[in-house]
Amino acid sequence: MQAWRVHRNGEPNEVMRLEETDRPTSGAGQVLIEVLAADINFPDALLCRGQYQMRPPLPFTPGVEICGRTPDGRRVLATPALPNGGFAEYVVADEASLLPAPEALDDAEAAALHIGYQTGWFGLHRRARLQAGETLLVHAAAGGVGSAAVQLGKAAGASVIGVVGGPEKAKIAGALGCDLVIDRRSEDIVAAVKEATGGRGADVVYDPVGGDAYAKSVKCVAFEGRVIVVGFASGVIPTPALNHALVKNYSIVGLHWGLYNTQDPAAVRACHEELTRLAAEGVIKPLISERVGLDQAAAAVQRVADGTSTGRIVVLPSGATR
């Protein structure tokens, strides 16, 4: 089969190689899955760079989530067992972790549902306890992670403010349902949030960016607000001023969604059932900006790494859309 492999760490378009290799072999409790679609996540770029919290042995194949077909014909969502990730024609995954792909979504959309929307749901509901009528501020609102949070925030009845970089991304965030879109390149985030909320600020902040986004967030978070720390796509990890959190009476809440797979797998399955229901009702739908062939995966991962992409880029090994 064909698979992208990383033999040394570095930028994705420099270290990913498309190679002929043997199909992975399933062990006890595992199943071999044909990859129908593999979603590109920012962690795939971090894996290539050797900067992810988990460092698989070299060489490895990136690709942390897929939609695929099992030998008995089931269409499933899976997180492949590294070092044999999803940017390949076949993967192996634990049978117990497989989830049914929602019928309402095509292969590319289904591949983009699991990690991003689970992260959004757990962040907004389990960690932040977002309530209807509250104001949600979402950074990188036109990106893969942010777009999921925007849709889930609207589904929860929140007023959603999206922060983006540039007019093209602003249009996308508006189309996703943001009640207000702030272009960080030309507008003052803090002033705009305070004006939109009558000076109160945002009740919940969803931050997958870190760096300056975090610094601006704590200046416009509401009394008893919650800042959800999802990731650091900016490359800068903030150093919170805890005296500021004390004086303004807000919470800084970390979210490592992957831990729920081992600490509370029943909650992950319950969340998937809820996401499947919302997808069937048309309330959520992953924003797929590009569908690319397997041979274009390295360049696509690089676009995600550089922050130039919008929504989700999905790799289709067979070239099919369903």
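Start by selecting helix H4: 10 of its 14 residues are buried, so the helix is largely enclosed by the rest of the structure. Keep in mind as you go that this is a predicted model.

**Stop 1: inside H4**

Colour the buried positions of H4, which are His114, Ile115, Gly116, Tyr117, Gln118, Thr119, Gly120, Phe122, Gly123 and Leu124. Then step past the end of the helix to arginine 129, which follows H4 and has a positive phi near 55°.

**Stop 2: H4 against H5**

Add helix H5, residues 144–155, to your selection of H4, residues 114–127. The two helices pack with their axes 9 Å apart and at an angle of about 50°, and they are therefore oblique to each other. If you turn the view to look through the pair, the crossing of H4 and H5 is right-handed.

Now show side chains at the contact. From H4 come Gly116, Tyr117, Gly120, Trp121 and Leu124, and they meet Ala148, Ala149, Gln151, Leu152 and Gly153 in H5. By type, the residues of this contact of H4 with H5 split into 6 nonpolar and 4 polar, with no charged ones.

**Stop 3: H4 against H11**

Swap H5 for helix H11, residues 265–280. Here the angle with H4 is about 105° and the axes lie 10 Å apart, which makes H4 roughly perpendicular to H11. On the H4 side, select His114, Tyr117, Gln118, Trp121, Phe122 and Arg126; on the H11 side, select Ala267, Val268, Cys271, His272, Glu274 and Leu275. The residues of the contact of H4 with H11 comprise 7 nonpolar, 3 polar and 2 charged.

Stay on arginine 126, which sits in helix H4. Is arginine 126 buried, partly exposed or exposed? Its relative accessibility is 30%, so arginine 126 counts as partly exposed. Setting aside neighbours within four places in sequence, arginine 126 touches Trp121, Tyr260, Asp264 and Ala267. For a link across the sequence, draw a distance from arginine 126 to leucine 255: they are 129 residues apart along the chain, and their C-alpha atoms are 9.7 Å apart.

Next, pick threonine 276 in helix H11. Threonine 276 has 26% relative accessibility and so counts as partly exposed. Its C-alpha is 5.6 Å from that of proline 102, although the two are 174 residues apart along the chain.

**Stop 4: the cysteines**

Select the cysteines and show their sulfurs. How many disulfides does a search of the whole structure find? The search finds 0. Cysteine 178 is in no disulfide, and the nearest cysteine sulfur, belonging to cysteine 220, is 15 Å away. Cysteine 178 is buried, at 11% relative accessible area.

Cysteine 271, met earlier in the contact of H4 with H11, is also worth a look. Its closest cysteine sulfur is in cysteine 67, 17 Å away and too far for a bond. Cysteine 271 is buried, with a relative accessible area of 2%.

**Stop 5: H2 and its surroundings**

Move to helix H2, residues 42–49, where Asp44, Ala45, Leu46, Leu47 and Cys48 are buried. To see what surrounds them, show strand S1 (2–6), helix H1 (12–15), strand S2 (16–20), strand S3 (30–39) and H12, against which the buried residues of H2 pack. Just after H2, glycine 50 takes a positive phi of about 75°.

From H12, follow the chain to threonine 310, in the loop between helix H12 (297–306) and strand S15 (312–316). Threonine 310 is buried, at 12% relative accessible area. Beyond neighbours within four places in sequence, threonine 310 is in contact with Ala142, Lys169, Ile172 and Ser289.

**Stop 6: unusual backbone**

Most residues other than glycine have a negative phi, and most peptide bonds are trans. These spots depart from that pattern:

- Leucine 58 and proline 59 are joined by a cis peptide bond, with omega about -10°; proline 59 is in the loop between H2 and strand S4 (65–69).
- Leucine 82 to proline 83 is a cis peptide bond too, with omega near 25°; proline 83 is in the loop between strand S5 (75–78) and strand S6 (90–94).
- Alanine 140 has a positive phi near 55°; look for alanine 140 in the loop between strand S8 (135–139) and H5, where it counts as partly exposed at 33% relative accessibility.
- Glutamate 224 has a positive phi of about 60° and lies in strand S12, residues 221–229.

Methods. Residues are numbered from 1 along each chain as its sequence is written. This is a predicted model: local features need pLDDT of at least 70, side-chain atom pairs count only at pLDDT 80 or more; totals for chains, interfaces and linings use all residues. Side-chain values use heavy atoms; hydrogens and water are left out. Axes are lines fitted to C-alpha atoms, for helices over the stretch in contact, and angles run from 0 to 180 degrees between N-to-C directions. Helices (H or I, at least four residues) and strands (E, at least two) are DSSP runs, numbered from the N terminus. Angles under 35 degrees count as roughly parallel, over 145 as roughly antiparallel, 65 to 115 as roughly perpendicular and the rest as oblique. A crossing is left-handed if the near helix is turned anticlockwise from the far one by less than a right angle, and right-handed if clockwise. Contact means heavy atoms within 4.5 Å. Ala, Val, Leu, Ile, Met, Phe, Trp, Tyr, Cys and Pro count as nonpolar, Asp, Glu, Lys and Arg as charged, and the others, Gly among them, as polar. A disulfide is a pair of cysteine sulfur atoms within 2.5 Å. Buried means under 20% relative accessible area, exposed over 50%, partly exposed in between (1.4 Å probe, protein chains only).
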